[in-house]
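Here are some short exercises on how two chains meet. Have a look at the structure first, then try each task before reading its solution.

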Protein chains: 2
Amino acid sequence: MDKLYGEADRARGVPATVAWLAEELGELAQAVRKGDSDDQLHELGDVFAWLASLANQLGLSLEDAANRYVIDPP
Amino acid sequence: MDKLYGEADRARGVPATVAWLAEELGELAQAVRKGDSDDQLHELGDVFAWLASLANQLGLSLEDAANRYVIDPP
């Protein structure tokens with residue numbers, strides 16, 4: 001992911017990435033409400049990609065972040 | 001993830017999960033703006049977990065959704 005998108009992501013910057021992520025979450029919410037499975041899969045992928053981009057730009061690992069739920073469930 | 005949380009997730013239902021996901025995205029945005037790395041990692045994990053929960057409840061695979069970005073970049 002970083003290899004494919006890292007450079008463009010860093011040029012965009014963190015605040016713009018947060019804004020994009022929020023926008024994609026809105027599209028996902030709409031797909032859940034009235035889209036079909038293909039739409040939902042598409043929007044899930046978009047939200048995931050922006051989340052991964054944000055993690056990269058923050059110097060954090062989404063995998064580490066997710067592992068907390070497996071190692072130390074809330 | 002499904003084994004740990006699947007049952008509670010399904011009881012919660014899809015609309016409530018979308019609402020939780022939106023709430024967690026707000027917490028992530030705040031952590032990005034004024035939190036430290038630990039806060040950001042924590043909130044990234046929360047958003048990821050709710051996204052995974054939503055995918056499970058929709059009968060979709062977050063991995064499939066993410067793979068589109070690798071196989072067929074937009």
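The exercises below concern a predicted model and come with worked solutions.

**Exercise 1.** Work out how many residues of chain B are in contact with chain A, and how much area is buried between them.

*Solution.* Start with the contacts: 36 residues of chain B touch 36 residues of chain A. Next, take the buried area, which is about 3100 Å². Carbon and sulfur atoms give 80% of that area.

**Exercise 2.** Find which helices of chain B supply the side that touches chain A, and what kinds of residues are found there.

*Solution.* Go along chain B: H1 (2-12), H2 (14-34), H3 (37-58) and H4 (62-71) each supply at least two residues of this side. The largest share, 14 residues, comes from H3(B). Now sort the residues on the side of chain B that touches chain A by type: 28 are nonpolar, 5 polar and 3 charged.

**Exercise 3.** Count the salt bridges and the residue pairs in polar contact between chain B and chain A.

*Solution.* For salt bridges across the interface, the rule finds 0. For polar contacts, the count is 0 residue pairs, with both residues required to be at pLDDT 80 or more.

**Exercise 4.** Determine what turn and shift lay chain B on chain A, and why the copies meet through the same surface.

*Solution.* A turn of 180 degrees with a shift of 0.0 Å along the axis lays chain B on chain A at an RMSD of 0.0 Å. The two copies are therefore related as by a two-fold rotation axis. In chain B, Phe48(B) has the C-alpha nearest the axis, 3.9 Å from it. Finally, compare the two sides: 100% of the interface residues of chain B are also interface residues in chain A, so the copies meet through the same surface.

Key: Residues numbered from 1 in each chain as written. Chains lettered and ligands numbered in written order. Predicted model: local features only at pLDDT ≥ 70, side-chain atom pairs only at ≥ 80, totals over all residues. Heavy atoms only, no water. Contact = heavy atoms within 4.5 Å. Buried area = accessible area lost by both parts, 1.4 Å probe. Salt bridge = Lys/Arg side-chain N within 4 Å of Asp/Glu carboxyl O. Polar contact = N/O pair within 3.5 Å; in protein donor to acceptor, adjacent residues only side chain to side chain. Helix = DSSP H or I, 4+ residues; strand = E, 2+ residues; numbered from the N terminus. Nonpolar A, V, L, I, M, F, W, Y, C, P; charged D, E, K, R; others polar. Least-squares fit on C-alpha atoms with pLDDT ≥ 70 in both.
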